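Subject: Handing over a structure

Dear colleague,

I am passing this structure on to you, and below it you will find my notes on what turned up when I went through it. Please read them with the structure open beside you.

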Amino acid sequence: MKIGGTVFHALLTLAITSLLIGIPAYKYTDIFANTPDAVTQATLELPDSPSGEFVIFINRSLHDSNIGDWIDFFNDKYAVIFDDVSCLAVNSDESALQLAERFRVQLPENQMSLRTEDGVLIASKLETGHADIVVMSKEMSDILGLDGTFLSNTFETVYISGVTDN
């Protein structure tokens, strides 16, 4: 009986050890499950780069301390920015909306909110200084009569031409 008890004890110990090690390993490692890791899940594809000329208005009173960083960011240069921003685009300006979406994706999650509004309403917000960041095509800014010199007291104007993929 001594051999039977030893075999039973060895099998019981092996079963308990397998459960204690096997279940956590099965649930928390990628050895058994073929799931993407955190880096793969966080990677987003950038929307296509629109072609054309664009104007970006940055409110100086809201971003005066880091206006240079925003200018670098919009010119596809390296910039570290911690501000949360609200970006506006004209709802009928598809290329500007595409560019604004591209900028939104390049920033950390929820750092830039993106809204679309009527062009006349956006022009009014720009003239009164009630906009944070506005992205629009050069054609749309010409149609609305918005140029950098008229808004130079309140907004920094960044001109972008032919955005390229990185």
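In helix α5, the buried residues are Ala 96, Leu 99, Ala 100, Arg 102, Phe 103 and Val 105. Please keep in mind throughout that this is a predicted model. The cover over the buried residues of α5 includes the helix α4 together with the strands β1, β2, β3, β4 and β5. As for its length, α5 has 13 residues and spans 19 Å from its first C-alpha to its last, which is close to the 18 Å expected at 1.5 Å a residue.

One of those buried residues, Phe 103, leads on to the aromatic rings, where ring pairs link Trp 70, Phe 73, Phe 74 and Phe 103 into a cluster. The count of aromatic pairs in the model comes to five. In one of them, the ring centres of Trp 70 and Phe 74 are 5.7 Å apart and the planes stand at 25°, so this pair is stacked, given that planes under 30 degrees apart count as such. Both Trp 70 and Phe 74 belong to helix α4, where they are four residues apart, about one turn of the helix. This fits a general rule: an α-helix has 3.6 residues a turn, so residues three or four places apart point the same way. Trp 70 and Phe 74 are both buried.

In another pair, the rings of Phe 73 and Phe 103 have their centres 5.6 Å apart and their planes at 50°, so the pair is tilted. Because Phe 73 lies in helix α4 and Phe 103 in helix α5 (residues 94–106), this pair ties together parts that are 30 residues apart in sequence. Phe 73 counts as buried because its relative accessible area is 8%, under the 20% cut-off, and Phe 103 is likewise buried, with a relative accessible area of 1%.

Helix α6 (residues 119–128) has its own set of buried residues, namely Gly 119, Ile 122, Ala 123, Lys 125 and Leu 126. They cover an arc of only 160° around the axis, and therefore sit on the same side of α6. Among the elements that cover them are β1 (53–59), β2, β3 (112–117), β4 (133–137), α7 (138–144) and β5 (155–161). At the start of α6, a side-chain oxygen of Asp 118 comes to within 3.3 Å of the backbone nitrogen of Val 120, while the residue that follows the helix, Gly 129, has a positive phi, near 80°.

A positive phi also appears in a residue other than glycine, since Asp 76 has a phi near 60°. Asp 76 is found in the loop between α4 (67–74) and β2 (85–90), and it counts as partly exposed because its relative accessibility is 25%, a value that falls between the cut-offs of 20% and 50%.

Finally, some figures for the chain as a whole. Its secondary structure comes to seven helices and five strands, which follow the pattern α-α-β-α-α-β-α-β-α-β-α-β along the sequence. The protein chain has 166 residues, of which 32% count as buried, and it exposes about 10,600 Å², with carbon and sulfur atoms supplying 57% of that area. Among contacts between residues at least 6 apart in sequence, 77% join residues at least 24 apart.

With best wishes

Terms used:
Residues numbered from 1 in each chain as written. Predicted model: local features only at pLDDT ≥ 70, side-chain atom pairs only at ≥ 80, totals over all residues. Heavy atoms only, no water. Helix = DSSP H or I, 4+ residues; strand = E, 2+ residues; numbered from the N terminus. Buried < 20%, exposed > 50% of the residue type's maximum accessible area, 1.4 Å probe, protein only. Contact = heavy atoms within 4.5 Å. Areas by Shrake-Rupley, 256 points an atom, 1.4 Å probe, with all protein chains shown as cover. Phe/Tyr/Trp six-rings, centres within 6.5 Å; stacked < 30°, edge-to-face > 60°. Arc of directions from axis to C-beta. Polar contact = N/O pair within 3.5 Å; in protein donor to acceptor, adjacent residues only side chain to side chain. Expected span 1.5 Å × (residues − 1).
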